[in-house]
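Colleague: I have a model open and do not know how to read it. Could you take me through some of its features, one by one?

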Amino acid sequence: MTELLALENITMEFRARTRFLRTVPVRALSDVSLTVAKGETVAVVGESGSGKTTLGRVALRLLKPTAGRVAFDGEDITGLSAGGLKRIRRRAQGIFQDPFSSIDPFMTVGQIVEEPLVIHGYSKGGRRNGASRRELMHSALDEVKLQPAEEFSGKYPHTLSGGQRQRVAIARALTLQPELVVADEPVSMIDASSRAEILYLLKELQERHGTAFLYITHDIATARHFSHRIAVMYLGRIVELGPTRQVIENPLHPYTRALLEAVPEPDPANRLRQRGAVTGEPPSPVSPPTGCHFHPRCPHLIAGRCDVVQPEQVEVKPGHLVECHLWPEPDAEAKLPSGPA
Ligand code: SF4
């Protein structure tokens, strides 16, 4: 598949203020490399504070990385000016977590969905692929099933449900027919009943238009249905990356196994099964643990190694990479508990 987005050795540091009004460096991303091919969906999965949202913002170049390179369709966009980025943003759009704050409450649905066309210079009377701005707005509303579009375009966001607002945000992202969409937790703040609908809608739109997605989520259960590949993040690093089926059926990193074990079990017969979920909170990025960042919570810690040496990334199977000292040792599989049921 042709590569659309390439993030190469991305490091992102911020300054955080401490209680004593001092500032300290915080490393949100460390040496992260990831690609998204045309028409592909890559899910980035991890707990809060793992750096996945920062990665999405770097991918859209809303943030400039401290080190590393961002390339879009072969062009290095790491140091692009605002003018250059405007050209890229026509082709790469974002859908954000909170549909209550990501859309302007003083604009009508029609104005919100038309706004990207206005910003990118489509005049009111002009036509694109034979369609006027208003027709494009209506067709975007139809695509996200806000019908009849004429009726919804005149409404204000406060009259809509959370699911309908997120559909407006999706329609806004799609009006320019982007090649890449960074969807940052697009269903985490809406009712459970609307989540599946929104995910099916995104999948349908992808199949129809061939859009690539960088899908950011804390929920590995939705990632398994929506993505071609999964990248698991922990404290600013990608600790496992591979084809979705392989990561789900044969997870290599103890943290990935723990995420899968934490997925609610729908079968009542398995309700009392012993689960291998990790305990404790993720450590603070202000003072990350030495060695493998996961070692204070890892049930497979190799004392004197995991707490001292940062593991290298190894490719265990073609396209399936892991950062863990258990690999590539020949008896690694035997050291881990059996995979999730
Ligand atoms: Fe656990 Fe060690 Fe692997 Fe880190 S490197 S995940 S501490 S076994």
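**Cavities, pocket, strands and turns**

Modeller: Start with the empty space inside. The largest cavity holds about 100 Å³ of space. Of the 14 residues that line this cavity, Cys292, Cys298, Cys306, Cys324 and His325 are the closest to its centre. Keep in mind that this is a predicted model.

Colleague: What takes the space of the largest cavity?

Modeller: The ligand does; the space it takes is the largest cavity. Around the ligand stand His253, Pro254, Cys292, Phe294, His295, Cys298, His300, Cys306, Cys324, His325 and Leu326.

Colleague: How many residues of each class are in the shell around the ligand?

Modeller: Sort the residues into nonpolar, polar and charged, then count. The shell around the ligand has 7 nonpolar and 4 polar residues, and no charged ones. For the lining of the largest cavity, the count is 10 nonpolar, 4 polar and no charged residues.

Colleague: How many cavities of 30 Å³ or more does the structure hold?

Modeller: There are 3 of them. The second largest has a volume of about 50 Å³. Its lining consists of Tyr234, Arg237, Val239, His253, Cys292, His293, Phe294, Gln310, Pro311 and Glu323. By class, that is 5 nonpolar, 3 polar and 2 charged residues.

Colleague: Pro254 was named beside the ligand. Which helix has Pro254 among its buried residues?

Modeller: That is H10, where Pro254, Tyr255, Thr256, Arg257, Ala258, Leu259, Leu260 and Glu261 are buried. To read burial, use the cut-off: a residue under 20% relative accessible area is called buried. In helix H10 (residues 254-261), 8 of the 8 residues are buried, so this helix is largely enclosed by the rest of the structure.

Colleague: Now the pocket. What is the volume of the largest pocket?

Modeller: A pocket is open, whereas a probe in a cavity cannot get out. The largest pocket here has a volume of about 310 Å³. It is lined by 14 residues, and those closest to its centre are Arg89, Gln93, Pro116, Ile119 and Arg172. Helix H2 (82-89), strand S6 (92-95), helix H3 (109-119) and helix H6 (162-174) each give two or more residues to the lining. The lining has 7 nonpolar, 3 polar and 4 charged residues.

Colleague: Strand S6 is in that list. Are the faces of S6 covered or uncovered?

Modeller: Take the two sides of a strand in turn. In S6, Ala92 and Gly94 are on one side, Gln93 and Ile95 on the other, and all four are buried; both faces are covered. Then look for the neighbouring strand. S6 runs parallel to strand S9 (residues 180-184), and 4 bridges join the two. Opposite Gly94 stands Val182 in S9.

Colleague: And H3, which also gives residues to the pocket lining: which of its residues are buried?

Modeller: Val109, Gly110, Ile112, Val113, Glu114, Pro116 and Leu117 are the buried residues of H3. After H3 comes Gly121, with a positive phi near 85°.

Colleague: Which residues that are not glycine have a positive phi?

Modeller: Two cases are Asp73 and Glu185. Asp73 has a positive phi of about 50° and is not a glycine. It lies in the loop between strand S4 (67-72) and strand S5 (75-76). Glu185 also has a positive phi of about 50° without being a glycine. Its place is the loop between S9 and helix H7 (192-209).

Colleague: Is Glu185 buried or exposed?

Modeller: Glu185 has 7% relative accessibility, so it counts as buried. Asp73, at 31%, counts as partly exposed.

Colleague: How do strands S1 and S2 run, parallel or antiparallel?

Modeller: Strand S1 (residues 3-17) and strand S2 (residues 23-37) run antiparallel and are joined by 11 bridges. As one pair to find, Leu5 has Val36 in S2 as its bridge partner. The two strands form a hairpin with 5 residues between them, and Leu21 in the turn has a positive phi of about 60°.

Colleague: Where is there a cis peptide bond?

Modeller: Read omega. Between Gln147 and Pro148 omega is about 0°, and the peptide bond that joins them is cis. Pro148 lies in the loop between helix H4 (133-143) and helix H5 (149-153).

Definitions and conventions:
Residues numbered from 1 in each chain as written. Predicted model: local features only at pLDDT ≥ 70, side-chain atom pairs only at ≥ 80, totals over all residues. Heavy atoms only, no water. 1 Å grid on protein atoms, 1.4 Å probe; cavity = no way out; pocket = protein on both sides within 12 Å on 5 of 7 lines; lining within 4 Å. Points joined across faces, edges and corners; volume = space filled by probe spheres on them. Nonpolar A, V, L, I, M, F, W, Y, C, P; charged D, E, K, R; others polar. Buried < 20%, exposed > 50% of the residue type's maximum accessible area, 1.4 Å probe, protein only. Pairing = 2+ DSSP bridges. Near = heavy atom within 4 Å. Sits in = over half its atoms within 2 Å of the grid points.
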